[in-house]
Amino acid sequence: MNISFPLFRLPLLLIFAGSSLILSCTQDHTPTEADAALATQHCTSCHAFAGPELLPRDTWEKSVLPYMALRMGVKSEIAEMDSLNELELQLEPPKPLISEEDWARIKNYYLALAPEKLEEKTIPPLEMQRGQFELKRGQLFSEKMTNISCVKIDPERQVVYACDDANGEIWALSPGGLPKNRYGNQLAVSNIELTKKGLLVTYIGPSVGITVHPNGFSQLVDVQENAAQNANLMLTKLYRPTQTLPVDLNNDGLEELVTCEFGVIEGSFSVWYPQTNGTYRKKILSPTPGAIRAEVVDWDRDGRKDLVVLFAQGDERLMLYRNTGNDTFEEKMLMRFPPVYGSSYFELADLNGDGRLDILYTCGDNADYSRILKPYHGVYAFEQKPDGDFRQKFHFPLHGAYKAVARDFDGDGDQDIVAIAYFGHYDSKTPNDLVYLENREGKFAPQLLPGIGRGRWMCLDAADLDGDGDDDIALGSHPVGLMPGGFRKDWSSGPGVIFLINQQK
């Protein structure tokens, strides 16, 4: 069977190994402070420091470290590796980046201090939320097992666009789950933005799998004509793009395009400026791969639109690009995470009602060389303080967390959270891959949502689908892919898409 992969983190199969700079080998001696300093020096040159305690010793030794050695050009380690694939061969540098002696010291530091296994966080069984959401199943009539790579609610037309990369289809589904339109001959869709001119669709490529080739593109589709070929090609030759945002950043009346090219070895975060001949001029804000998602916001309230973007793939970080005018941007790091976290999503929301934007963040992408359950995966809320710094306010442990959205689902005036896990603990007797975190006077009470266990949820969107004034939920299942525990065959007959219609109003 051909295995497809999650949209966002697959490059970590390559890059995390090389970005990790964290290591192990045989325990030759008790690590010293000098060994710790050496590890910190090399590690923090590329990303946030990841201590030995973040992975078990066996995972460091057998999975992560060999590919770290490849990235660092350690000849003795590379000679012991099995045959490398085309992508991995590109990771070895022209000459070693570290001496054999220093490499051995760092490896010993990690092996000596890493735990035998990670401490498991016990999560008590959650109760099912009842009465607020009505479950609807999307009716997709496809030849192959569906693998949904993107769902998008269109409140104006009261449809959900469900993008199936296995069958090359985009379905437009009614609130009841019935198909209204089907667009065939589609490649793998990673994102859809609703615009006044139509749907701005980002295609990651022919599939969501790893490739070093720039096969991605974005196009504007006029859905009024109900035909997918009624499209205007905007950008081409993109490296595994995950998002294209239209926004007028310089107030000239023309929309620029902001792209997250997640890439593998090559990728970037860029702004594309429209030219008089119909083409776009690319301005790269960050030349590094790994950009997942961006939001447009007037961060400093100076009347100019700024950009906040999440990077994964090695150097996991949240960056602010402050618009200083004249098509220039000032870069500032808001937060940085260890490369083992598997950053998967963020959004800005006022979670505590103080008028300042907070950060809702998920980490749980687990398609790399450390595919184990990790207690630090989950949903995080970072509260913005008056001085502009952020402090962790909340962490809900959720194995393999992939996305979370903040909305006032229960209509009481505050922000609730719905979260999904793509790399969940599916062997658990109490699975929790679809969770509702109800805001009760500033504290989040977790409950399960109907639909849990019906799919492997990669996609999540929330908006008013049925036009009754409250936010509904759309979920898309992408059952095929790498995960702890393998593949669950019952997902092959799963719904592909479900809706949770909010009965609050």
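Here is a quick look at the domains, nonpolar cores and one helix of this predicted model.

Let's start with the layout. The chain splits into domain 1 (33–113) and domain 2 (127–186 + 288–502). Their C-alpha centres sit 32 Å apart, and 14 residues of domain 1 are in contact with 12 residues of domain 2. Together the two domains bury about 1000 Å², with 71% of that on carbon and sulfur atoms. On the domain 1 side, His-47, Ala-48 and Leu-54 supply 42% of the area buried against domain 2, more than any other three residues. If you go looking for salt bridges across this interface, the rule finds zero.

Now for the nonpolar cores, two of which are set out here.

| Core | Residues in core | Some members |
|---|---|---|
| Largest nonpolar core | 56 residues | including Val-379, Val-418, Leu-434, Ile-473 and Leu-475 |
| Another core, apart from it | 47 residues | including Trp-60, Leu-70, Tyr-341 and Leu-348 |

The five residues named for the largest core are the ones with the most contacts inside it. Strand S26 (residues 457–463) gives this core its largest share, six residues. Leu-434 is worth zooming in on: leaving out residues up to four places away in sequence, its contacts include Val-418, Ile-420, Leu-449, Trp-457, Leu-475 and Leu-500.

Finally, helix H6 (residues 100–113). How far apart should its ends be? With 14 residues at 1.5 Å a residue, H6 should span 20 Å, and its end C-alpha atoms are indeed 20 Å apart, so the two agree. The buried residues of H6 are Trp-103, Ile-106, Lys-107, Asn-108, Tyr-109, Tyr-110 and Leu-111.

Technical notes:
Residues numbered from 1 in each chain as written. Predicted model: local features only at pLDDT ≥ 70, side-chain atom pairs only at ≥ 80, totals over all residues. Heavy atoms only, no water. Core = buried A, V, L, I, M, F, W, Y, C linked by side-chain atoms within 4.5 Å. Buried < 20%, exposed > 50% of the residue type's maximum accessible area, 1.4 Å probe, protein only. Helix = DSSP H or I, 4+ residues; strand = E, 2+ residues; numbered from the N terminus. Contact = heavy atoms within 4.5 Å. Expected span 1.5 Å × (residues − 1). Domains from an automatic or database assignment. Buried area = accessible area lost by both parts, 1.4 Å probe. Salt bridge = Lys/Arg side-chain N within 4 Å of Asp/Glu carboxyl O.
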